[in-house]
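The following note is offered for your consideration alongside the sequence and the structure. Its points are numbered so that each may be taken up separately.

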Amino acid sequence: MRIVVARCQVDYAGRLTAHLPMATRVLMLKADGSVLVHSDGGSYKPLNWMSPPCTVVEGTDDDGAIEWTVTAKAAKNAAPDTLRILIEEVLHDSAHDLGVDPGLQKDGVEKHLQELLADHPATLSPGLTLVRREFPTPIGPVDLMCRDADGLSVAVEIKRRGEIDGVEQLTRYLELLNRDPLLISRGPVRGVFAAQEIKPQARVLAEDRGIACAVVDYDVLRGLDDPTDRLF
(Lines give C-alpha, C1' and ligand atoms only; values in the text may rest on other atoms or scores of the structure.)
Protein backbone atom coordinates (compact mmCIF):
# COMPACT_ATOMS: atom_id res chain seq x y z
CA MET A 1 0.00 0.00 0.00
CA ARG A 2 1.16 3.52 -0.83
CA ILE A 3 -0.02 6.38 1.39
CA VAL A 4 0.34 9.98 0.25
CA VAL A 5 -0.70 13.02 2.27
CA ALA A 6 -1.00 15.93 -0.13
CA ARG A 7 -2.78 19.14 -1.00
CA CYS A 8 -4.77 18.07 -4.00
CA GLN A 9 -7.80 18.61 -6.20
CA VAL A 10 -9.84 15.62 -7.34
CA ASP A 11 -12.22 15.38 -10.31
CA TYR A 12 -14.26 12.31 -11.19
CA ALA A 13 -15.87 11.78 -14.59
CA GLY A 14 -18.04 8.81 -15.47
CA ARG A 15 -21.69 7.97 -14.87
CA LEU A 16 -21.75 11.14 -12.75
CA THR A 17 -19.28 13.97 -12.23
CA ALA A 18 -17.84 15.02 -8.87
CA HIS A 19 -15.35 17.68 -7.80
CA LEU A 20 -13.24 18.02 -4.65
CA PRO A 21 -11.56 21.44 -4.45
CA MET A 22 -7.95 21.88 -3.38
CA ALA A 23 -7.37 20.73 0.22
CA THR A 24 -5.11 18.44 2.25
CA ARG A 25 -6.18 14.81 1.91
CA VAL A 26 -4.92 11.24 2.29
CA LEU A 27 -4.47 9.31 -0.94
CA MET A 28 -4.32 5.51 -0.68
CA LEU A 29 -3.13 3.28 -3.51
CA LYS A 30 -3.81 -0.32 -2.50
CA ALA A 31 -2.18 -3.49 -3.74
CA ASP A 32 -5.50 -4.66 -5.22
CA GLY A 33 -5.37 -1.68 -7.61
CA SER A 34 -7.95 0.51 -5.90
CA VAL A 35 -7.39 4.23 -5.27
CA LEU A 36 -9.09 6.03 -2.37
CA VAL A 37 -9.27 9.70 -1.38
CA HIS A 38 -9.85 10.39 2.34
CA SER A 39 -10.35 13.52 4.42
CA ASP A 40 -9.62 13.88 8.13
CA GLY A 41 -13.27 13.91 9.13
CA GLY A 42 -16.87 13.47 8.07
CA SER A 43 -16.92 9.72 7.57
CA TYR A 44 -14.82 6.58 7.64
CA LYS A 45 -15.63 6.09 3.95
CA PRO A 46 -13.53 7.77 1.24
CA LEU A 47 -14.65 11.04 -0.33
CA ASN A 48 -13.99 9.51 -3.72
CA TRP A 49 -12.52 6.26 -4.95
CA MET A 50 -11.86 4.00 -7.90
CA SER A 51 -12.35 0.25 -7.67
CA PRO A 52 -10.00 -2.26 -9.27
CA PRO A 53 -9.08 -3.05 -11.91
CA CYS A 54 -7.77 0.39 -12.77
CA THR A 55 -4.55 2.01 -13.95
CA VAL A 56 -2.69 4.98 -12.46
CA VAL A 57 -0.58 7.18 -14.72
CA GLU A 58 1.52 9.93 -13.13
CA GLY A 59 2.31 13.00 -15.20
CA THR A 60 2.21 16.79 -15.05
CA ASP A 61 -0.31 19.39 -16.13
CA ASP A 62 0.44 22.47 -18.26
CA ASP A 63 1.81 24.31 -15.21
CA GLY A 64 4.15 21.48 -14.23
CA ALA A 65 2.11 20.28 -11.24
CA ILE A 66 1.93 16.54 -10.54
CA GLU A 67 -1.25 14.95 -11.88
CA TRP A 68 -2.43 11.37 -11.43
CA THR A 69 -4.90 9.98 -13.94
CA VAL A 70 -6.73 6.94 -12.60
CA THR A 71 -8.70 5.04 -15.24
CA ALA A 72 -11.08 2.17 -14.52
CA LYS A 73 -11.65 -0.69 -16.90
CA ALA A 74 -14.67 0.20 -19.01
CA ALA A 75 -17.54 -2.02 -20.04
CA LYS A 76 -17.88 -2.80 -23.73
CA ASN A 77 -18.82 0.28 -25.80
CA ALA A 78 -18.70 2.51 -22.70
CA ALA A 79 -16.36 5.37 -21.89
CA PRO A 80 -14.03 4.59 -18.96
CA ASP A 81 -14.47 6.25 -15.56
CA THR A 82 -11.57 8.55 -14.70
CA LEU A 83 -10.29 10.13 -11.52
CA ARG A 84 -7.88 13.05 -11.99
CA ILE A 85 -5.87 14.03 -8.93
CA LEU A 86 -3.97 17.30 -9.23
CA ILE A 87 -1.30 17.51 -6.52
CA GLU A 88 -0.14 20.93 -5.35
CA GLU A 89 2.13 19.78 -2.50
CA VAL A 90 3.19 16.38 -1.13
CA LEU A 91 3.45 16.32 2.68
CA HIS A 92 4.10 12.60 3.11
CA ASP A 93 4.72 9.66 0.79
CA SER A 94 5.36 6.11 2.02
CA ALA A 95 4.85 2.50 0.94
CA HIS A 96 4.00 -0.45 3.20
CA ASP A 97 3.58 -4.20 2.71
CA LEU A 98 0.59 -5.19 4.85
CA GLY A 99 0.80 -8.89 4.08
CA VAL A 100 -2.19 -11.22 3.96
CA ASP A 101 -5.24 -9.95 5.86
CA PRO A 102 -7.35 -12.59 7.69
CA GLY A 103 -10.53 -10.60 7.07
CA LEU A 104 -13.12 -8.98 9.31
CA GLN A 105 -15.15 -11.17 11.63
CA LYS A 106 -18.56 -9.77 12.63
CA ASP A 107 -22.00 -10.98 13.55
CA GLY A 108 -23.55 -10.17 10.18
CA VAL A 109 -26.72 -8.56 11.57
CA GLU A 110 -26.43 -5.43 9.40
CA LYS A 111 -25.64 -7.47 6.29
CA HIS A 112 -28.52 -9.85 6.97
CA LEU A 113 -30.83 -6.91 7.63
CA GLN A 114 -29.90 -5.51 4.22
CA GLU A 115 -30.64 -8.91 2.63
CA LEU A 116 -34.03 -9.13 4.33
CA LEU A 117 -35.03 -5.62 3.32
CA ALA A 118 -33.82 -6.27 -0.23
CA ASP A 119 -36.16 -9.27 -0.36
CA HIS A 120 -39.06 -7.30 1.11
CA PRO A 121 -38.58 -3.57 0.38
CA ALA A 122 -42.31 -2.90 0.74
CA THR A 123 -41.87 -3.19 4.52
CA LEU A 124 -40.16 0.19 4.35
CA SER A 125 -42.93 1.80 2.32
CA PRO A 126 -45.96 0.30 0.54
CA GLY A 127 -45.28 -0.24 -3.16
CA LEU A 128 -41.50 -0.05 -2.85
CA THR A 129 -39.61 -2.45 -5.14
CA LEU A 130 -35.92 -3.25 -5.35
CA VAL A 131 -33.82 -2.04 -8.29
CA ARG A 132 -30.39 -3.08 -7.02
CA ARG A 133 -28.39 -3.78 -3.87
CA GLU A 134 -25.08 -1.93 -3.40
CA PHE A 135 -25.95 0.65 -6.05
CA PRO A 136 -22.62 2.27 -7.05
CA THR A 137 -21.81 5.98 -6.69
CA PRO A 138 -18.42 7.72 -6.93
CA ILE A 139 -18.28 7.97 -3.12
CA GLY A 140 -19.47 4.48 -2.24
CA PRO A 141 -22.43 2.14 -2.76
CA VAL A 142 -25.98 2.88 -1.66
CA ASP A 143 -27.29 -0.11 0.31
CA LEU A 144 -30.55 -0.40 -1.65
CA MET A 145 -31.77 1.47 -4.69
CA CYS A 146 -35.53 1.09 -4.97
CA ARG A 147 -38.48 2.46 -6.91
CA ASP A 148 -41.75 3.55 -5.32
CA ALA A 149 -45.30 3.04 -6.55
CA ASP A 150 -45.06 6.24 -8.62
CA GLY A 151 -41.88 5.09 -10.36
CA LEU A 152 -39.60 7.47 -8.44
CA SER A 153 -36.15 6.37 -7.27
CA VAL A 154 -35.60 5.82 -3.54
CA ALA A 155 -32.14 5.40 -1.98
CA VAL A 156 -32.11 3.37 1.26
CA GLU A 157 -29.24 3.47 3.76
CA ILE A 158 -29.33 0.69 6.38
CA LYS A 159 -27.61 0.79 9.76
CA ARG A 160 -27.76 -1.33 12.87
CA ARG A 161 -27.77 1.88 14.90
CA GLY A 162 -28.88 5.07 13.18
CA GLU A 163 -26.75 8.07 14.08
CA ILE A 164 -25.95 11.45 12.54
CA ASP A 165 -23.04 10.05 10.51
CA GLY A 166 -25.43 7.72 8.71
CA VAL A 167 -27.75 10.60 7.83
CA GLU A 168 -24.78 12.60 6.53
CA GLN A 169 -23.71 9.61 4.45
CA LEU A 170 -27.14 9.24 2.86
CA THR A 171 -27.29 13.02 2.27
CA ARG A 172 -24.07 12.87 0.26
CA TYR A 173 -25.42 9.98 -1.80
CA LEU A 174 -28.64 11.87 -2.52
CA GLU A 175 -26.74 14.98 -3.60
CA LEU A 176 -24.86 12.92 -6.19
CA LEU A 177 -27.83 10.83 -7.29
CA ASN A 178 -29.94 13.92 -7.86
CA ARG A 179 -27.38 15.12 -10.39
CA ASP A 180 -27.78 11.93 -12.43
CA PRO A 181 -30.10 12.76 -15.37
CA LEU A 182 -31.07 9.11 -15.84
CA LEU A 183 -32.28 8.73 -12.27
CA ILE A 184 -34.10 12.07 -12.00
CA SER A 185 -35.77 11.88 -15.40
CA ARG A 186 -38.99 10.91 -13.60
CA GLY A 187 -38.46 13.07 -10.53
CA PRO A 188 -36.07 13.63 -7.61
CA VAL A 189 -34.44 10.74 -5.77
CA ARG A 190 -35.65 10.60 -2.17
CA GLY A 191 -34.03 8.86 0.78
CA VAL A 192 -35.01 6.39 3.51
CA PHE A 193 -32.81 5.92 6.57
CA ALA A 194 -33.47 2.48 8.08
CA ALA A 195 -32.02 1.15 11.33
CA GLN A 196 -32.86 -1.00 14.34
CA GLU A 197 -32.51 2.10 16.50
CA ILE A 198 -32.42 5.74 15.36
CA LYS A 199 -30.99 8.35 17.70
CA PRO A 200 -33.25 11.40 18.28
CA GLN A 201 -30.64 13.81 16.86
CA ALA A 202 -30.30 11.68 13.73
CA ARG A 203 -34.07 11.58 13.25
CA VAL A 204 -34.35 15.36 13.57
CA LEU A 205 -31.55 15.89 11.03
CA ALA A 206 -33.02 13.33 8.61
CA GLU A 207 -36.51 14.82 8.75
CA ASP A 208 -35.10 18.33 8.32
CA ARG A 209 -33.47 17.13 5.09
CA GLY A 210 -36.59 15.41 3.82
CA ILE A 211 -35.27 11.91 4.53
CA ALA A 212 -37.79 9.37 5.85
CA CYS A 213 -36.85 7.24 8.86
CA ALA A 214 -37.79 3.58 9.37
CA VAL A 215 -37.09 1.70 12.61
CA VAL A 216 -36.79 -2.00 11.82
CA ASP A 217 -37.17 -4.97 14.15
CA TYR A 218 -34.60 -7.50 13.00
CA ASP A 219 -36.13 -10.45 14.83
CA VAL A 220 -39.65 -9.70 13.61
CA LEU A 221 -38.46 -9.06 10.06
CA ARG A 222 -36.66 -12.40 9.77
CA GLY A 223 -39.28 -14.39 11.67
CA LEU A 224 -42.59 -13.51 10.02
CA ASP A 225 -43.80 -15.20 6.86
CA ASP A 226 -45.95 -12.34 5.63
CA PRO A 227 -43.70 -9.37 4.74
CA THR A 228 -46.66 -6.98 4.73
CA ASP A 229 -47.04 -7.62 8.48
CA ARG A 230 -43.41 -6.95 9.26
CA LEU A 231 -43.45 -3.83 11.38
CA PHE A 232 -42.89 -0.20 10.81
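**Notes on the predicted model**

1. The side chain of Ser34 forms a polar contact with the side chain of Asp32, at 2.6 Å. The model in which this pair occurs is a predicted one. Ser34 is placed in the loop between β2 (17-29) and β3 (35-38). Ser34 counts as buried because its relative accessibility is 8%, under the 20% limit for that class. With residues up to four places away in sequence left out, Ser34 touches Met28, Leu29, Met50, Ser51, Pro52 and Cys54.

2. One of the residues touched by Ser34, Pro52, also belongs to a peptide bond that deserves attention. The bond from Pro52 to Pro53 is cis, and its omega is near 0°. Pro53 sits in the loop between β4 (48-50) and β5.

3. Strand β5 spans residues 54-60 and contains Val56. Is Val56 buried, exposed or partly exposed? Val56 is partly exposed, because its relative accessible area of 37% falls between the limits of 20% and 50%. Beyond its neighbours within four places in sequence, Val56 is in contact with Leu29, Val35, Trp68, Thr69 and Val70. For one of these partners, Val70, the C-alpha atom is separated from that of Val56 by 4.5 Å, although the two residues are 14 apart along the chain. Leu29 appears among the contacts of Val56 and also among those of Ser34.

4. The chain as a whole provides the setting for these local remarks. The protein chain holds 4 helices and 12 strands. Of its 232 residues, 39% count as buried. Among contacts in the chain with a separation of 6 or more, 50% are accounted for by residues 24 or more positions apart. The chain exposes about 12800 Å², and carbon and sulfur atoms supply 51% of that area.

5. How much space lies in the largest pocket? The value is about 490 Å³. This pocket is lined by 20 residues, of which Tyr12, Arg15, Ala72, Asp81 and Pro136 are the closest to its centre. By class, the lining divides into 14 nonpolar, 3 polar and 3 charged residues.

6. The second largest pocket has about 380 Å³ of space. Its lining consists of 18 residues, and the closest to the centre are Tyr44, Lys45, Glu134, Pro141 and Asp143. At least two residues of this lining are supplied by each of α1 (109-119), β8 (129-135) and β10 (153-162). The class division of the lining is 6 nonpolar, 3 polar and 9 charged residues. The corresponding division for the largest pocket is 14 nonpolar, 3 polar and 3 charged.

7. Glu134, listed among the residues closest to the centre of the second largest pocket, has a backbone feature worth checking. Its phi is near 50°, a positive value in a residue other than glycine. Glu134 is located in strand β8. Glu134 is classed as partly exposed because its relative accessible area is 34%, which lies between the limits of 20% and 50%.

8. Thr137 is placed in the loop between β8 and β9. Which backbone oxygen does the side chain of Thr137 reach? The acceptor is that of Gly140, at 2.5 Å. Thr137 counts as buried because its relative accessibility is 5%, under the limit of 20%. Not counting residues up to four places away in sequence, Thr137 touches Arg15, Trp49, Val142, Tyr173, Leu176 and Leu177. Of these partners, Arg15 is also one of the residues closest to the centre of the largest pocket.

9. Leu152 lies in the loop between β9 (142-147) and β10. Leu152 is partly exposed, because its relative accessible area is 23% and the buried class requires a value under 20%. With residues up to four places away in sequence set aside, Leu152 touches Cys146, Arg147, Arg186, Gly187 and Pro188. The C-alpha atoms of Leu152 and Gly187 are separated by 6.1 Å, and the two residues are 35 apart along the chain.

How values were computed
Residues are numbered from 1 along each chain as its sequence is written. This is a predicted model: local features need pLDDT of at least 70, side-chain atom pairs count only at pLDDT 80 or more; totals for chains, interfaces and linings use all residues. Side-chain values use heavy atoms; hydrogens and water are left out. On a 1 Å grid over the protein atoms alone, a cavity is a set of points where a 1.4 Å probe fits but cannot get out, and a pocket is an open set with protein on both sides within 12 Å along at least five of seven lines; lining residues have an atom within 4 Å of a point. Grid points are joined across faces, edges and corners, and a volume is the space filled by probe spheres set on the points. Ala, Val, Leu, Ile, Met, Phe, Trp, Tyr, Cys and Pro count as nonpolar, Asp, Glu, Lys and Arg as charged, and the others, Gly among them, as polar. Buried means under 20% relative accessible area, exposed over 50%, partly exposed in between (1.4 Å probe, protein chains only). Contact means heavy atoms within 4.5 Å. Accessible areas come from the Shrake-Rupley method with a 1.4 Å probe; for residues, only the protein chains shown count as cover. A polar contact is a pair of N or O atoms within 3.5 Å; within protein, one must be able to donate a hydrogen and the other to accept it, and residues adjacent in sequence count only if both atoms are side-chain atoms.
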